[in-house]
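Welcome to the tour, and please keep your viewer open beside this text. We will go from stop to stop, with something to select at each one.

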Amino acid sequence: MARVRVEATSTQITVEGKTYDTDEWMNAPSSILSSIPRRLHLQPDHPITITRKLIESRFPAPTYQKHNTLFPIVSVAQNFDSLGFPTDHVGRSRNDTYYINKSTVLRTHTSAHQADTFRANTSEGFLISADVYRRDAIDRSHYPIFHQMEGARTWSRSAVPEGTTLARQVWDDLKTIPKHDLVVEDPNPSFHPDRNPLQSDRHSPEEAEAVATHLKRSLEDVVVTIFSAARAAAAAAARGGFSAPTSEPLKVRWVEAYFPFTSPSWELEVFWQNDWLEVLGCGVVQQRLLDSAGVPDRVGWAFGIGLERIAMLLFEIPDIRLFWSRDPRFLDQFRERVDGKITRFKEFSKYPPAPRDVAFWLPKSTAAASTPDSRNEPHSAPNPAGGLAPESASNAPASSTTTNSPSASVSSTSAPPPSTASSSTAATTHPPFHENDLTELVRATAGDLAESVTLIDAFAHPKTGRQSRCYRIVYRSLERTLTSEEVAGLHERIGRELVARWGVELR
Ligand code: FA5
Ligand code: MG
């Protein structure tokens, strides 16, 4: 068992010997804080560790320097400001991010360390692997704590030898990346004037093209490595009679993306379980970030990869919750091997799911703020109010319910402690309901027994305009069969809390 050392007083918390003042922005539950010491990416023989090492092997020292123990509690300046997130960006909302206090968060991505690492300027490239935290949906590929690897590679303009150019040097370095014969869909031009612009005041088209190609080839090499390992494991499993080998060809594609700290930007998607699964985001580093990190003469790329997503592909792990299992039937299946070979995960048992619906009317006053969002992608959604990079209407988010006023944000997004007042008298004092509040309530109540939470119905009453929501919560243990009494108990508690906290009326 990891030793849990989270002590909370009413105004302070201490995590692994570091003490922080809390304030009304604090929304990090103890279940999340107490998981900080687990650091799955450093646990020997854990699939996240094996995945990390396999990816690291494609980015060798001394060009790439590794940082694997950076502390997860960071400043808002590190997590957002240093990267050029506008002050009203949706990713800063307390609906999406765990705050300790107004200026301190649990990092939501490893990019929080980009500026500091560029500033240290101790290597041409780096890899940062770490645990990251987000208030997010519940399903088989999303979890509130996951692991990312940040990678970056830059070239110094002033170090380009006479007689050559930066672009030519990058093309030269590209030769050290092994060639592959994977067919990758990449239908978009490397940069697009409005959707995915070249930083034309700082980079020539040749430079951006060379950097982008180096970036994409480096990441395609990772995907090829992962899939060769996965294929070999599947073949070995088939020889052992466990399962049929995977015969489906690997399908991979690049799609244009948006991040405030890269331009142009892309995401890489892999076809998995009948759908496109996004595994990473990347792009050409915004020059103003390198300027403020004190290395204005450097030019390069950065990426952020989801380690769980890669590990799920690699080992064929069907559910992201399994990574947190302490069950030896899970943990004993994984071994770090020097030859990089992996063994496919064998599902030890599949226990039955228990789906239960919860339907309710929202209190009238909160109906507008609780319109279901489209899927959260807090780190890529451009800001319609105008971020630091130009944006197109085509990839602007549908709406943002957040505000940059702290007092307004607190009152509109906080999940207060359970109310003791009855729902009828307290209706006017309830905060607006947000989908991530339900997600968090389900996690707090059912923990890892909750497999997914899905909105299955939303409508407004034709006469009263009152908003209705129906969510399906699927309960399932990865380790045993749940009893119907147990499920009913959890589900009832969730219904009661919904009424007490958000003043909804169960239907
Ligand atoms: C980012 O976090 C950017 N910082 C990535 C980046 C780095 C872009 C450097 C440019 C340069 P995004 O929010 O898309 O982007 O997350 C990156 C990856 O993390 C995703 O592609 C996905 O693989 C993984 N990921 C995101 N949310 C979750 C989640 N809730 N559970 C598991 N994996 C997730
Ligand atoms: Mg993304």
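Which residue in E7 does Tyr-99 stand opposite? Select Tyr-99 and look across to E7: the residue facing Tyr-99 is Val-105. Before you move on, keep in mind that this is a predicted model.

**The small stop around Tyr-99**

Now select strand E7 (residues 104-106) together with E6; the two run antiparallel and are joined by 2 bridges. Add E5 to the selection, and you have an open sheet of 3 strands in the order E5-E7-E6, with antiparallel pairing. Strand E5 (73-75) and strand E6 (99-101) are the edge strands, each pairing on one side only. If you turn the view along the sheet, the twist to look for averages 30° from one strand to the next.

**The whole protein**

Zoom out to the full chain. The protein holds 13 helices and 18 strands. Of its 507 residues, 40% count as buried. Among contacts with a separation of 6 or more, 72% are between residues 24 or more positions apart.

Next, colour by domain. Domain 1 covers 39-72 + 107-331, and domain 2 covers 354-389 + 405-506. Where they meet, 22 residues of domain 1 and 19 residues of domain 2 take part in the contact. To see the largest share of the domain 1 side, select strand E11 (residues 252-259), which gives 3 residues. Coloured by class, that side of domain 1 shows 9 nonpolar, 5 polar and 8 charged residues.

**Ligand 1**

Where does ligand 1 lie with respect to domain 1 and domain 2? Select ligand 1 and show its surroundings: both domains give residues to the shell, so ligand 1 lies between them. There are 26 residues around ligand 1, and those that come nearest are His-109, Gly-281, Gly-304, Gly-306 and His-379.

Which elements should you highlight here? Strand E9 (145-156), strand E13 (275-285), strand E14 (298-306) and helix H8 (307-315) each supply at least two residues of the shell. The largest share, 6 residues, comes from E13. By class, the shell around ligand 1 divides into 8 nonpolar, 11 polar and 7 charged residues.

**Helix H8**

Stay with H8, one of the elements you have just highlighted. Is H8 mostly covered or mostly open? H8 is mostly covered, with 9 of its 9 residues buried. Show the side chains and step along them: the buried residues are Leu-307, Glu-308, Arg-309, Ile-310, Ala-311, Met-312, Leu-313, Leu-314 and Phe-315. As you step, remember that an α-helix has 3.6 residues a turn, so residues three or four places apart point the same way. Then go just past the end of H8 to Glu-316, where phi is positive at about 55°.

**Last stop: Arg-472**

Finally, select Arg-472, which sits in strand E17 (residues 467-475). Why does Arg-472 count as partly exposed? Arg-472 has 15 C-beta neighbours inside 10 Å, and therefore counts as partly exposed. Leaving aside neighbours within four places in sequence, show the residues in contact with Arg-472: Pro-355, Asp-357, Thr-454 and Ile-456. To end the tour with a distance, pick the C-alpha atoms of Arg-472 and Ala-236; these residues are 236 residues apart along the chain, and the two atoms are separated by 38 Å.

How values were computed:
Residues are numbered from 1 along each chain as its sequence is written. Chains are lettered from A and ligands numbered from 1 in the order in which they are written. This is a predicted model: local features need pLDDT of at least 70, side-chain atom pairs count only at pLDDT 80 or more; totals for chains, interfaces and linings use all residues. Domain bounds come from an automatic or database domain assignment. Two residues are in contact if their C-beta atoms, placed from the backbone, lie within 7 Å. Helices (H or I, at least four residues) and strands (E, at least two) are DSSP runs, numbered from the N terminus. Ala, Val, Leu, Ile, Met, Phe, Trp, Tyr, Cys and Pro count as nonpolar, Asp, Glu, Lys and Arg as charged, and the others, Gly among them, as polar. A residue is near a molecule or strand if its C-beta atom, placed from the backbone, lies within 6 Å of it. A residue is buried if 20 or more other C-beta atoms lie within 10 Å of its own, exposed if 12 or fewer, and partly exposed in between; C-beta atoms are placed from the backbone. Two strands pair if DSSP finds at least two bridges between them. Axes are lines fitted to C-alpha atoms, for helices over the stretch in contact, and angles run from 0 to 180 degrees between N-to-C directions.
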